[in-house]
Amino acid sequence: MTTNTATPEKTGARTAEAATLIGDARERIDALDDRIIGLIQERMAVSAVIQESRISSGGRRVNLAREMEVLGHYRDALGKPGTSLAMTMLELCRGRI
Ligand SMILES: C=C(O[C@@H]1C=C(C(=O)O)C=C[C@H]1O)C(=O)O
């Protein structure tokens, strides 16, 4: 746990109270981002196992029908930007196509 040293200068807040609140919330965001990055790295590893297994069996790395399901899942949950997020994540997991 880091000590909150947020100042109005660092946060854009106009009062010390708002700066403290923003500093605390930014610490939570940084912790969430660390967890999100960890989950993405875990997803990349699981995806690699699937891709390697398929390639070893004579198949292709990419399965577009499955990717459409993944894209739809993110779009349903997050709207149009969810599709962009899922496309970036798929690129992280299987490279550029
Ligand atoms: C992981 C798979 O392989 C590839 C990677 C995907 C993914 O990371 O979600 C989805 C489809 C495939 O292009 C899979 O087929 O499930």
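α2 and α4 sit oblique to each other, because their angle falls outside the ranges for roughly parallel (under 35 degrees), roughly antiparallel (over 145) and roughly perpendicular (65 to 115). Keep in mind that this is a predicted model, where local features need pLDDT of at least 70, side-chain atom pairs count only at pLDDT 80 or more, and totals for chains, interfaces and linings use all residues. Residue numbers start from 1 along each chain as its sequence is written.

**How α2 and α4 pack**
- The two helices (DSSP runs of H or I, at least four residues, numbered from the N terminus) pack at about 55°, with axes 8 Å apart.
- Those axes are lines fitted to C-alpha atoms over the stretch in contact, and angles run from 0 to 180 degrees between N-to-C directions.
- On the α2 side, I40, R43, M44, S47 and Q51 meet M89, L92, C93 and R94 of α4; contact puts C-beta atoms, placed from the backbone, within 7 Å.

**Around the ligand**
- S47, I50, Q51, V62, N63, R66, E67, V70, L90, C93 and R94 surround the ligand, each with its C-beta atom, placed from the backbone, within 6 Å of it.
- Two or more of these shell residues come from each of α2 (16-56), α3 (64-78) and α4 (80-94).

**Domains**
- The chain is assigned domain 1 (1-59) and domain 2 (62-97), with bounds from an automatic or database domain assignment.
- Their centres, taken over C-alpha atoms, are 20 Å apart.
- Domain 1 puts five residues into the contact and domain 2 puts in four.
- Each domain supplies at least three residues to the ligand shell.

Conventions
Contact = placed C-beta atoms within 7 Å.
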